[in-house]
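I open this notebook to record what I looked up in the structure, entry by entry. The entries begin with the cysteines.

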Amino acid sequence: MSREKHIAILTGPVGSGKTTAGRQLADLARQRGLDCAGIVCPARFEGAHKAGIDLLNLRTGECRPLAVADNQPSELRTTRYRFDADVMAWGAAILDTACPCDVLIVDEIGPL
């Protein structure tokens, strides 16, 4: 039996709760017995300071540090963050094996 498929796109300004909404959607999907896969990128704080970004595998719950807020040189960086190439590759592998699933969530990372 084929299920009807839908695509939803959530947009909003930085800090508006898109990642939190993605995590909540994943929790709701699992509570309903659905297979939820994909990634979200929650901020990592040290006190009130945003120190970096993590990468969370929604299917397994595994989380790894994706980016650090610093000025050190790196091949993968934005003006504020230095990204870990190995964790980027891990995220790509998660998405490569995410389907089939009932719900796929992909949280993007701003200018990257």
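**Entry 1: cysteines.** I looked up the sulfur of Cys-99 in this predicted model. The closest cysteine sulfur to it belongs to Cys-101, at 4.2 Å. I count a disulfide only within 2.5 Å, so the two sulfurs are too far apart for a bond. I then asked how many disulfides the structure holds. The number is 0. Cys-41 is accordingly in no disulfide, and its nearest cysteine sulfur, in Cys-63, lies 9.2 Å away. I also asked whether Cys-41 is buried or exposed. Cys-41 has a relative accessible area of 9%, and because buried means under 20%, I enter Cys-41 as buried.

**Entry 2: nonpolar core.** I next looked up where Cys-41 sits among the nonpolar residues. Cys-41 belongs to the largest nonpolar core, which has 11 residues in all. Among the other members I noted the aromatic names Tyr-81, Phe-83 and Trp-90, and also Ile-39, Leu-55 and Val-87. Strands E3 (49–57), E4 and E5 (81–83) and helix H2 (85–96) are the elements that give two or more residues to this core. H2 gives the most, with 3 residues. For the chain as a whole, I recorded that 30% of the 112 residues count as buried.

**Entry 3: largest pocket.** I looked up the largest pocket and found about 1000 Å³ of space in it. Its lining consists of 25 residues, of which His-6, Ala-8, Val-103, Leu-104 and Ile-105 are the closest to the centre. Helix H1 (18–31) and strand E6 (103–106) are the elements that give two or more residues to this lining. H1 gives the most, with 5 residues. I sorted the lining of the largest pocket by residue type and obtained 15 nonpolar, 3 polar and 7 charged residues.

**Entry 4: elements and overall extent.** I counted 2 helices and 6 strands in the chain. Read from the N terminus, their order is α-β-β-β-β-β-α-β. The C-alpha atoms fill a box of roughly 50 × 25 × 20 Å along the principal axes.

**Entry 5: confidence.** I closed by asking which element has the lowest mean pLDDT and which the highest. E6 has the lowest, at 94, and strand E4 (residues 63–69) the highest, at 97. The chain has a mean pLDDT of 91, with 95% of its residues at 70 or more. I keep one general caution on file: where pLDDT is low, predicted coordinates should not be read in detail.

Conventions
Residues are numbered from 1 along each chain as its sequence is written. This is a predicted model: local features need pLDDT of at least 70, side-chain atom pairs count only at pLDDT 80 or more; totals for chains, interfaces and linings use all residues. Side-chain values use heavy atoms; hydrogens and water are left out. Buried means under 20% relative accessible area, exposed over 50%, partly exposed in between (1.4 Å probe, protein chains only). On a 1 Å grid over the protein atoms alone, a cavity is a set of points where a 1.4 Å probe fits but cannot get out, and a pocket is an open set with protein on both sides within 12 Å along at least five of seven lines; lining residues have an atom within 4 Å of a point. Grid points are joined across faces, edges and corners, and a volume is the space filled by probe spheres set on the points. Helices (H or I, at least four residues) and strands (E, at least two) are DSSP runs, numbered from the N terminus. Ala, Val, Leu, Ile, Met, Phe, Trp, Tyr, Cys and Pro count as nonpolar, Asp, Glu, Lys and Arg as charged, and the others, Gly among them, as polar. pLDDT is the predictor's confidence in each residue, from 0 to 100. A nonpolar core is a set of buried Ala, Val, Leu, Ile, Met, Phe, Trp, Tyr and Cys residues joined through side-chain atoms within 4.5 Å.
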